[in-house]
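The exercises below ask the reader to work from the overall fold to a single residue. Please examine the sequence and the structure before reading the solutions.

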Amino acid sequence: PFKVCEYTAAARPIITSDSGAMVHYFEDKKNALLARTGNLNDFTEKLNYVLDNPDEAERIALEGHKTGLQHFNYLRYTSVLDDLISGR
């Protein structure tokens, strides 16, 4: 579960499959590149897209980083956990 946190913290383009929880947080070419599950050609196309479009890849990476800060950053949950533990 921590891999996605690390990926988004790196602020680099994420290339992943369109399966599991990834589709709940990421949208293709918005904040990650989602390849069709099990499709090696599609994954290769996503890699080439990053190489051929460095400015767009950087934009996607920054959007992915924002997604990580919004959904996976422990600082967002610190006060909630503190309240839970202290009984507030």
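Three exercises with worked solutions follow.

This is a predicted model, in which local features need pLDDT of at least 70, side-chain atom pairs count only at pLDDT 80 or more, and totals for chains, interfaces and linings use all residues. Residues are numbered from 1 along each chain as its sequence is written, and side-chain values use heavy atoms, with hydrogens and water left out.

**Exercise 1.** Determine which pattern of helices and strands the chain follows.

*Solution.* Helices (H or I, at least four residues) and strands (E, at least two) are DSSP runs, numbered from the N terminus. The chain holds 5 helices and 2 strands. Along the sequence, their order is α-β-α-β-α-α-α.

**Exercise 2.** State how much of the chain is buried.

*Solution.* A residue is buried under 20% relative accessible area, exposed over 50% and partly exposed in between (1.4 Å probe, protein chains only). Of the 88 residues in the chain, 26% are buried.

**Exercise 3.** Describe the surroundings of Thr 8.

*Solution.* First, locate the residue: Thr 8 belongs to helix H1 (residues 3–9). Second, consider its exposure: Thr 8 has a relative accessible area of 3% and is therefore buried. Third, list its partners, where contact means heavy atoms within 4.5 Å. With neighbours within four places in sequence left aside, Thr 8 is in contact with Ile 14, Phe 26, Gly 64, His 65, Gly 68 and Phe 72. Finally, compare sequence with space: Thr 8 and Asn 73 are 65 residues apart in sequence, and their C-alpha atoms are 9.6 Å apart.
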